[in-house]
Amino acid sequence: KRRPKARARLGLDVGGTSIKLVQVAAGADGRLSLAKHLIQELPARSAEESGQHRQLAEWLQPALKEFPALPIAVAIAGPEVIVRRLDVPPMSAKELREAIRWQIKDELPFPIQDAVVDCAVVGEVWDKDVKKQDVLVAAAPRSTVQALVATIERAGGQVASVTPGAL
């Protein structure tokens, strides 16, 4: 039996008090190990978003030079990042995406048309003898996601994915 080759990934977490950049390697047995990490503590940030992104870019550009050029999995967090579990009737993936947008729109602190919304079916549940899909939903303002991705790309990184920090 042939074993898969070891793979490495980069992860970036921009928190309220620090920025963390890690390289994780998956061995031939599939186990993950921390290969390298950098942590930058942040001074108290202003509420100005452009200042936050400038601070991230200034730190990230030289930090990325210490790591292999790999796509980055980014964790995004903040008061506007919403994560919910919903139970919905079984449906196709296309129908599910539309149904989720309708179901979550009233829970968002920003207009649904300005949101990036994604979902994943994590299982099934039974409600009064009716089978439903257990769905994990994440939403964030499109402008927040786009600004973060643009900042990382300006610093020389390539974003592979954006995930809510709570996950």
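Is Asp 106 buried or exposed? Keep that in mind as you start; the third salt-bridge stop settles it. The model on your screen is predicted.

**Stop 1: the hairpin**

Select residues 115-127, which form strand 6. Add residues 130-141, which form strand 7. These two strands run antiparallel, and twelve bridges join them.

Now pick out one pair. Select Val 117 and look across to strand 7. The bridge partner there is Ala 139.

Move to the turn. Two residues lie between strand 6 and strand 7 in this hairpin. Click Lys 128 and check the backbone: phi is positive, near 50 degrees.

While the strands are selected, look at the side chains. In a regular strand they alternate between the two faces of the sheet.

**Stop 2: the second largest pocket**

Stay with the hairpin, and add strand 8, residues 159-164. Rolling a probe the size of a water molecule over the atoms shows where empty space is left. The second largest pocket holds about 270 Å³ of space. Its lining comprises 17 residues. To find the centre, select Asp 118, Ala 138, Val 162, Thr 163 and Pro 164, the lining residues closest to it. Strand 6, strand 7 and strand 8 each give two or more residues to this lining.

Colour the lining by class next. You should see 15 nonpolar residues, one polar residue and one charged residue.

**Stop 3: salt bridges**

Eight salt bridges are found in the structure. Visit three of them, one pair at a time.

- Select Asp 13 and Lys 20. Their side chains meet in a salt bridge, 3.7 Å from N to O. Asp 13 is partly exposed, at 27% relative accessible area. Lys 20 is partly exposed too, at 25%.
- Select Asp 29 and Arg 31. Here the N to O distance of the salt bridge is 3.9 Å. Asp 29 has 51% relative accessibility, so it counts as exposed: the cut-off is over 50%. Arg 31 is exposed as well, with a relative accessible area of 63%.
- Select Asp 106 and Lys 105. This salt bridge spans 3.4 Å, N to O. Asp 106 is exposed, with a relative accessible area of 66%. Lys 105 is partly exposed, at 30%.

That answers the opening question: Asp 106 is exposed.

Technical notes:
Residues numbered from 1 in each chain as written. Predicted model: local features only at pLDDT ≥ 70, side-chain atom pairs only at ≥ 80, totals over all residues. Heavy atoms only, no water. Pairing = 2+ DSSP bridges. Helix = DSSP H or I, 4+ residues; strand = E, 2+ residues; numbered from the N terminus. 1 Å grid on protein atoms, 1.4 Å probe; cavity = no way out; pocket = protein on both sides within 12 Å on 5 of 7 lines; lining within 4 Å. Points joined across faces, edges and corners; volume = space filled by probe spheres on them. Nonpolar A, V, L, I, M, F, W, Y, C, P; charged D, E, K, R; others polar. Salt bridge = Lys/Arg side-chain N within 4 Å of Asp/Glu carboxyl O. Buried < 20%, exposed > 50% of the residue type's maximum accessible area, 1.4 Å probe, protein only.
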